[in-house]
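I opened this notebook to record what I looked up in one structure. The entries are kept short and follow the order of my queries.

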Amino acid sequence: MKLIFNIILTYSVVLFFLGCNNNHIETELETIRHISNINNGWNFQLGDSIVYSHKEYNDSLWTKLDLPHDWSVEGKFDTIYGTDWQSGYLPAGKGWYRKKILINVEPKEHDIELLFDGVYRNSSVYVNGHLVGNHKYGYTGFFYNISNYLNNGENSIAVRVDHSKPKSSRWYTGSGIYRNVWLKVLPKTHFKTREQYVRTNFVNDSVVDLDNHVVILNNSQNIVKGKLVQKVFSINYNLLNKHEKSVELEANDSISVSGKMKLIKPELWSLDYPKRHILVNQLYDDNKEKLIDSDTLFFGIRKIEFSSKWGFKLNDTKTKIKGVCMHHAAGIYGAAVPESILYYRLMMLKKMGCNAIRTAHNPFSPEFYTICDTLGILVLDEIFDGWENEKAEDDYGLYFEENWKKDVENWVKTNRNHPSVFMYSIGNEVSNPTRATQQKLIDFVKRIDDTRPITQGGHDPTRGMTDRLSKTQLDIKGFNGDGEEIGKYESYHNRYPEVPLIATEVPHTYQTRGVYRTQTHWRRKDFPAPWEINNGSGGTMRGLEGKCYPIPNLAKVEMFPEEKTKFYSIYDNFYPIINPNFWKENLYYQSSYDNATVRSSARKAWQRVQKLDYVIGQFRWTAFDYMGETNLWPSRFANFGIIDIANLPKDHYYLYKSLWSDDPMVHILPHWTHSGKEGKIIPVVVYTNAEEVELFLNNKSLGKQPYKGEQLVWDVPYSPGTISAKAYINKKLVAQEFHCTANGEHSLRISASKNKLNAANKENTLVFIDIVDNNNGNLFPYADDYITVEVEGAGRLRGLDNGDPLDLTPYNSNSKKAFRGKIVAFIEANNSGIIDINIKTKDGQVKTLQLTSN
């Protein structure tokens, strides 16, 4: 079976290029349409009253803030809110946002749209006291034409957000207007929002046919006769082709128009060279003397193919999907993630060798897709966690029947515009699914966009039904946890050899940064999930016997018996964990060797995907630790990520870099500060993609090992000093790394991910605070000093994090203990000038860092 999808994908941008000569786009000062970001200057209040919607209501005593905003992440972790282990123990509730806007045109002479990129959830929007609409789903954008509710002059916008049923997803969701808000002032006759896109057909290797589609909306009382002009430019603004077409619109009507043109040897969008083009749509009057409307789109040209014989091809090149799953929230920011932080996180993954991301289990912000477009990262775009039947008590299943068509249409029409989006997913491990619902979702998506294949995370709607082993209706069969089991891919392929397969959620492994255990731990037996505890399977491997690939212990006895979790912390105080189960000491921290998992090690899961051509790739669970889906109170997250919640890489980050990246590398684990273990055997594991590695202890060689696809292991009697590894290709040194024993007095080492920030964009930076040896600068891997961060000048502290799932200090605190020798401060620029950062310990040490904001 071979599936071919050829498409050029587009998206709207804020810049509007209105005129063109033969070679370049010319910008004009007077725009026909205008789009404004209206994030700044809102007032906010928790609570609920219909009077908050009234135009004249006095909100002067409310909290003043800028959007995006997530009020849940500003709260304290507790069990009193009605939230739970799934939603992360933070408050939800109801809240209102209000803003005054000044309209200096006659509203009824324009079409004015109010656009929200995302509100969580069940939002009601009021303009001058009038209800203009309600949107229940928290993950899709929406807009309203508010022209009839506006006045020339001052107007009020009020938004009610109802998250009073807090068990609304199986992870932390956030609460509030957590994405951008826009005001669009359009002419009465204009290009319809979300109805501009481009399709392609590869005629041959050199020629591409374009079909540039628009819908023109005429909301005026007059017949409009005009000319549609479409021009395609390279990213350097060189005109490549253009097309003109006469159009005629009746009053209060719309028409769909397609303009066709050819491109000769266009630059293609790819992972290494994500080249884009520009399409300018212009509508003139019949004589081309007056510009009626204009809009500009960026797009990328690429060809995607799928086959059960050879997998996936991008632009005729076989490519394995090296993917990760992500949730939309990001630690201290909750769901309101700044674009600069999102970019930083995606760059971390790109540098690791990751080439694809699955949006688990809902659409992400528009900025996410744009960054993936520009970085060259593929996206498996997912819309729902479930369908008619709720998985969390208050989730979207309550509203599915009445809203799914509207939300799917919003999702597809928004995101079909991105070259990064190469596949759709219509669900994830759906509860009590039916083939009928699956088919209607497939058919509906393909009516809007048939240029991408459709898959589903895990439970294809045959699981638990009598026809469980029937052929999938999906273009590509997805596997979640069961894809980690021995023979699972092979048995399905043998039954249906024409169906391509994708590991949508494989593997599920655990690590806590800086924690090591030499004995293999399986989740169900050693640190069971809440549902395993509740169904009585915790503490056993019942149901998994013979299904899991063995992971040998690294030592006959546990070399790190001290790694136990008996306390949680808030600020600088420690509290006992009340947990009567025998696995309590292993429940919250997992080993950073590749030996804490559900069914498979990370390495074995990738080896299987590499070996099987009909499995096009994998999306591991997950890229980053995320709030919610915890191991019950008092943890704030589980340890699924290859990067922790503070954006610090774990050892798995380097394992995947060795598997996915071609850049020569070597990585050693564990650290080399093991007081009291002198003479005891410490398993030293090395990850590399070189041909061979030589290990040294205090400059004495411990021998070379060739790399043959497995991790390299040396059993080393512990002696303080330096453990180092040198990696070679063709006998040439290509990479090296070392760890040194830390001892004696310690101090703080401070650095920033970026020292010069953009104030206009409220750019954020990460300030890394390490506790190090005074003599040699080596990290103290067990240090937990209590640290206070104070920020003055042109920026502010957004929060602190340390990666510890058992630290329940509120995110907006300026004090927190370090975890495994590290803590991260998140700083935002909000004015031009100098940002002074003072970092203090309880014993009186002070370090300073100065950043520049322009």
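The entries below cover the basis of the model, a helix, a single residue, a sheet, the cysteines and the salt bridges.

**Basis**

I note that this is a predicted model, in which local features need pLDDT of at least 70, side-chain atom pairs count only at pLDDT 80 or more, and totals for chains, interfaces and linings use all residues. Residues are numbered from 1 along each chain as its sequence is written, and side-chain values use heavy atoms, with hydrogens and water left out.

**Helix α8**

I took helices (H or I, at least four residues) and strands (E, at least two) as DSSP runs, numbered from the N terminus. I took buried as under 20% relative accessible area, exposed as over 50% and partly exposed as in between, with a 1.4 Å probe and protein chains only. Which residues of helix α8 (residues 602–611) are buried? I found A602, R603, A605, W606, R608 and V609. I then looked up their packing partners, with contact meaning heavy atoms within 4.5 Å. The buried residues of α8 pack against two helices, α5 (488–495) and α9 (651–660), and against the strands β24 (321–326), β35 (615–620) and β37 (681–688).

**V412**

I located V412 in helix α3 (residues 400–415). V412 counts as buried because its relative accessibility is 0%. Setting aside neighbours within four places in sequence, I recorded Y424, V445, I448 and D449 as the contacts of V412. I also recorded a C-alpha to C-alpha distance of 10.0 Å between V412 and T140, which are 272 residues apart in sequence.

**A sheet**

I counted two strands as paired if DSSP finds at least two bridges between them. One open sheet has 5 strands in the order β44-β51-β50-β46-β48, with mixed pairing. Its edge strands are β44 (756–757) and β48 (815–817), each of which pairs on one side only. I found β44 running parallel to β51 (residues 846–853), with 2 bridges joining them. L757 has S853 in β51 as its bridge partner.

**Cysteines**

How many disulfides does a search of the whole structure find? I obtained 0, with a disulfide taken as a pair of cysteine sulfur atoms within 2.5 Å. C325 is in no disulfide, and the nearest cysteine sulfur, that of C354, is 10 Å away. C325 counts as buried because its relative accessibility is 0%. C740 also counts as buried, at 18%.

**Salt bridges**

I used the criterion of a side-chain nitrogen of Lys or Arg within 4 Å of a carboxyl oxygen of Asp or Glu. The structure holds 48 salt bridges.

I first examined D111 and K188, whose side chains meet at 3.1 Å, N to O. This pair links distant parts of the chain, 77 residues apart: D111 is in strand β8 (residues 110–116) and K188 in the loop between β13 (181–187) and β14 (189–191). D111 is buried at 2% relative accessibility, whereas K188 is partly exposed at 21%.

I next examined D209 and K262, which meet at 2.6 Å, N to O. D209 lies in strand β16 (residues 207–218) and K262 in strand β19 (residues 253–264), 53 residues apart. D209 is partly exposed at 25%, and K262 is partly exposed at 42%.

I finally examined K677 and E562, with the closest N and O atoms 3.3 Å apart. K677 is in the loop between β36 (666–669) and β37, and E562 is in the loop between α7 (530–534) and β32 (567–570), so the pair ties together parts 115 residues apart in sequence. K677 is buried at 9%, whereas E562 is partly exposed at 41%. I also recorded one network, in which salt bridges that share partners join D48, K94, R160 and D162.
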